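Visitor: I am new to this structure and would like to learn how to read it. Please show it to me first.

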Amino acid sequence: MTPTDQDLSAQADEASRALLESLPTLTHRGIIVQAPPGAGKTTLVTHAADTLTQTSGPCAIVAQTNTQADHLVQRFAHHPHRLTTGRLTGTEYNVPTDLQEHPRVRIATRIEDLERTTDVIVATAMKWATVTGRRWPWAVVDEAYQMRSDMLLHTAGLFDQTLFVGDPGQLAPFSTAETDSYTHLPNDPMASAVSALLTYNPDVPVHHLPVSWRLPPSAAPLISDAFYTRPFHAGSSDNDRTLTFTITGMHTLTDQTIEHAARTGWALLELPPRITHHLDNQAHQTIIDIAERLILRGALTTCEANPQGHLLQPADIAIGTTHRRQAQHIRTLVSRHHPRLHGITVDTANRLQGIERKVTLFLHPLSGRDSASAFHLETGRLCVLTSRHRHACIVVARAGIPELLDAHPSIDPAYPGPGTTSPDGWQAHHTVHKHLAHHTIRA
């Protein structure tokens, strides 16, 4: 039986309430919260920090990037309990102007300038690793699955207890250096902070948020099955969200693609097979044309937050890629030839983590390839690309992906040590492509 919206809201509220109530009396050094895409991680972080400042005193917040840190400060600045927030930065980083001017935000490069005048202090893990001679009763680590275990080692001594909040399906920490000699060993510096914590502390409590408020019902079951070991549900119902067009189409492949995506939430525009590797001019132009067609057709979205309707703008769309060269090439094409798309987001999966858009498009990681490397089969990359949207996700790919997967079965070497609980990337790709087979428009 499918849970009702009321049931799901109750489940989500109960999961958050149980976690927040357990924090002041927790006896473990740490506690983990696993959250699927769009489950409200940032909201949970701000509520947890508020709870902890009221019961335990000042709270430290550990982010993984400066962008994430600034976003958290924004949320704290508008928190109804009017917390005073410190933003600890490097000497060369410029905090956004609106934060510099906010009356409840203090910005400093030295911890001494913040610790007595703020309720919470937000900084990246790299910045926290430079702090010495201080100790806080609590820290909240945001995007904990993106945090490297060596960063946990550098910062763990600063905090008596730590709440780790993150999405286990997202991209794991990565390095451009060779790390095979460390892989899956207990002291692997590239393991996520959560993996390292559980390796040495298997009794640490683990909570799970059961609802995605971002993903529609057309997406949540697929993303849950393909990428997560704990199931979750969409917080919206089939009738809550619509994507329609105010201008009639002309029955082109592009029109067929966006119309199918509007009806079902998914579409795969499959181009003829060809080995192209990173740069595929036809595929890049095709994905730009699809994005532009959404704007030209006057795409109109409705949802629980905006039932009166919203005319889709470029800022509501994201294009995802696997490689930086692909993203840069698409951005160049857009800037030179497609002024209607000014404001669209184009970036790699690594940099799209954490964002949300009404409609997303992406170039399939295996499109145009003659081999399926571990990099291109990475589970987290495909998870990010398929889980950023609220209404529809459109994929562009060369034909031949199932055959490529069959020709390159998963042959990851076995390592000693704890290993990983993440779903296999090869199997995840098969699961996603089997679903997309029912939503394919062939060129």
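Guide: What follows is a short walk through some strands, a pair of helices and one record entry. Keep in mind that this is a predicted model.

Visitor: Let us begin with strand S7. How many of the eight residues of strand S7 are buried?

Guide: A residue counts as buried when its relative accessible area is under 20%. In strand S7, residues 159-166, seven of the eight residues meet that description, so the strand is largely enclosed by the rest of the structure.

Visitor: Which way do strand S1 and S7 run, parallel or antiparallel?

Guide: Strand S1, residues 30-34, runs parallel to S7, and five bridges join the two. To find the pairing on screen, start from Gly30, whose bridge partner in S7 is Thr162.

Visitor: How many bridges does S7 form with strand S6?

Guide: Six bridges connect S7 with strand S6, residues 136-142, and this pairing is in the parallel sense. Here Val140 is a useful marker, with Leu163 as its bridge partner in S7.

Visitor: What does the chain pass through on the way from S6 to S7?

Guide: The chain goes through helix H6, residues 149-155, and the resulting β-α-β crossover is right-handed.

Visitor: How should I picture the side chains along a strand?

Guide: In a regular strand, side chains point by turns to one face of the sheet and then to the other. With that in mind, turn to another sheet. Its three strands lie in the order S11-S13-S14, pair in the antiparallel sense and form an open sheet.

Visitor: Which strands stand at the edges of that sheet?

Guide: Strand S11 (242-245) and strand S14 (306-311) do; each has a single partner strand, so one side of each lacks a neighbour in the sheet. On average, neighbouring strands of this sheet are turned by 20° against each other, direction ignored. Strand S13, residues 299-303, is joined to S14 by three bridges, and Leu300 stands opposite Leu311 in S14.

Visitor: And how are two helices described?

Guide: For packed helices, one gives the angle between the axes and the distance between the axes. The axes of helix H2 (residues 41-55) and helix H3 (residues 66-77) come within 10 Å and cross at roughly 60°. H2 and H3 are therefore oblique to each other, and their crossing is right-handed.

Visitor: What does UniProt list for residues 203-398?

Guide: An unreviewed UniProt entry gives "domain: DNA2/NAM7 helicase-like C-terminal" for residues 203-398. In the model, the chain over residues 203-398 is 32% helix and 28% strand, with its end C-alpha atoms 46 Å apart.

Definitions and conventions. Residues are numbered from 1 along each chain as its sequence is written. This is a predicted model: local features need pLDDT of at least 70, side-chain atom pairs count only at pLDDT 80 or more; totals for chains, interfaces and linings use all residues. Side-chain values use heavy atoms; hydrogens and water are left out. Buried means under 20% relative accessible area, exposed over 50%, partly exposed in between (1.4 Å probe, protein chains only). Helices (H or I, at least four residues) and strands (E, at least two) are DSSP runs, numbered from the N terminus. Two strands pair if DSSP finds at least two bridges between them. A crossover is right-handed if, with the strands pointing away from the viewer, the path from the first strand over the helix to the second runs clockwise. Axes are lines fitted to C-alpha atoms, for helices over the stretch in contact, and angles run from 0 to 180 degrees between N-to-C directions. UniProt positions are given in the numbering used here, feature names are shortened, and annotations may be inferred rather than shown by experiment. Angles under 35 degrees count as roughly parallel, over 145 as roughly antiparallel, 65 to 115 as roughly perpendicular and the rest as oblique. A crossing is left-handed if the near helix is turned anticlockwise from the far one by less than a right angle, and right-handed if clockwise.
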